[in-house]
Every structure is written in structure tokens, then in C-alpha cells.
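Trainee: I'd like to learn how to read a structure like this one. Could you walk me through a few features?

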Amino acid sequence: MNIEVAEERDNGVLVLLPVGRLDSANARTFESIIMDHIGNGEQHLIVDFSRLAFISSSGMRVLLIAAKRLNASKGKLVLCEMQDHIHEVFHISGFDQIIPILDSRQSATAVF
């Protein structure tokens, strides 16, 4: 199953907006999308969760891989606009200590 991912630019920063669910059925597709952008030179990336209702450990793994790859090249991944139940999963798992999570897209773009 594929995942719909809208792409926007906000102050020159690429923003990805996954829609619906990010789980084992579509995590590889999402990983390909992110890694293609990083491979094409994107150094600053925001994933806006405002349209995402669910994320599994497979989806979280994709974000961790992307964050590590960007960090290695002095880039940065920032997450924003998470629903409370998703934010709680990131907090409990400790991912919020690895990848910055901000409340708004405006706050996320200000990081860059």
C-alpha cells in the first residue's frame, strides 16, 4: 500500500506531509521518498504530522534513519504538528530526545 505524501516549501525548507497512516504496509515507500530527497541534496527537512493519524514502529524507524543520515551530513530533520497520541509514543520511546519535535510548522521552520 502506498502513502500519500504532500510536498511543500516553507521559507526554502522542504516540508513533507504524510497523509493517513504510516505503518509497515507503506514505510518503505515513505523511506524511498525521504531518502530520494536527501540523496538529491536536501539538508533541511520538516515532516509535518498534521495529516497523519497513526505511525507504527516501522514509520518511526524511517524517521530515525533519515535523521541519522542528515546529521551525518550536517543537516537536520524536524517534526511538527503531531497529534497528542502520536507525540506520546515519540516521548515514551525516547525519539523526542533524538529528533526535535515542535508544536507548529512556524516553529519548525524557525529552526533553520
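Mentor: We'll go through a helix pair, some aromatic rings and a handful of single residues. Keep in mind that this is a predicted model.

Trainee: Let's start with helices. How do I describe two that pack together?

Mentor: Two packed helices are described by the angle between their axes and the distance between the axes. Here, take helix 1, residues 27-39, and helix 2, residues 57-72: their axes come within 9 Å and cross at roughly 15°.

Trainee: Why is helix 1 called roughly parallel to helix 2?

Mentor: Angles under 35 degrees count as roughly parallel, so a crossing of roughly 15° makes helix 1 roughly parallel to helix 2. As for handedness, helix 1 passes helix 2 in a right-handed crossing.

Trainee: Which residues of helix 1 and helix 2 make the contact?

Mentor: From helix 1 you have A27, F30, E31, I34, M35, I38 and G39. Helix 2 brings in S58, G59, R61, V62, L63, I65, A66, R69 and L70. Sorted by class, the contact of helix 1 with helix 2 has 10 nonpolar, 3 polar and 3 charged residues.

Trainee: R61 is on that list. Is R61 buried, exposed or partly exposed?

Mentor: R61, which sits in helix 2, has 37% relative accessibility and counts as partly exposed. For a sense of distance, R61 and R9 are 52 residues apart in sequence and 24 Å apart in space, C-alpha to C-alpha.

Trainee: On to rings. How do I describe an aromatic pair?

Mentor: A pair of aromatic rings is described by the distance of the centres and the angle of the planes. Searching the whole structure turns up 2 aromatic pairs. One of them joins F49 and F90, with 5.8 Å centre to centre and 90° between the planes, an edge-to-face arrangement.

Trainee: Where along the chain do F49 and F90 lie?

Mentor: In distant parts of the chain, 41 residues apart. F49 is in the loop between strand 4 (44-48) and strand 5, while F90 is in helix 3 (residues 84-93). Both F49 and F90 are buried.

Trainee: Why is the pair of F90 and F95 called edge-to-face?

Mentor: Planes over 60 degrees apart count as edge-to-face. The planes of F90 and F95 are at 90°, with ring centres 5.9 Å apart, so that pair is edge-to-face. F90 and F95 are both buried. Put the rings together and F49, F90 and F95 form one aromatic cluster.

Trainee: What touches I55?

Mentor: Leaving out residues up to four places away in sequence, I55 touches L22, F49, M60, L63, I86 and F90. So I55 contacts two residues you've just met, F49 and F90. I55 belongs to strand 5 (residues 52-55) and is buried, with a relative accessible area of 7%. G75, by contrast, is 20 residues from I55 in sequence and 23 Å away in space, C-alpha to C-alpha.

Trainee: And A6, is that buried or exposed?

Mentor: Buried means under 20% relative accessible area, and A6 has 18%, so A6 is buried. A6 is in strand 1. The C-alpha atoms of A6 and L16 are separated by 5.8 Å, with their positions 10 residues apart along the chain. Not counting residues up to four places away in sequence, A6 touches V15, L16, L17 and R51.

Trainee: Last one: backbone angles. What is the phi of N11?

Mentor: N11 has a positive phi of about 55° although N11 is not a glycine. You'll find N11 in the loop between strand 1 (5-10) and strand 2 (13-18). With a relative accessible area of 70%, N11 is exposed.

Trainee: What about K74's phi?

Mentor: K74 isn't a glycine either, and its phi is positive, about 65°. K74 lies in the loop between helix 2 and strand 6 (76-80). At 75% relative accessibility, K74 counts as exposed.

Methods
Residues numbered from 1 in each chain as written. Predicted model: local features only at pLDDT ≥ 70, side-chain atom pairs only at ≥ 80, totals over all residues. Heavy atoms only, no water. Helix = DSSP H or I, 4+ residues; strand = E, 2+ residues; numbered from the N terminus. Buried < 20%, exposed > 50% of the residue type's maximum accessible area, 1.4 Å probe, protein only. Contact = heavy atoms within 4.5 Å. Axes fitted to C-alpha atoms, helices over the stretch in contact; angles between N-to-C directions. Parallel < 35°, antiparallel > 145°, perpendicular 65-115°, else oblique. Left-handed = near helix turned anticlockwise from the far one by under 90°. Nonpolar A, V, L, I, M, F, W, Y, C, P; charged D, E, K, R; others polar. Phe/Tyr/Trp six-rings, centres within 6.5 Å; stacked < 30°, edge-to-face > 60°.
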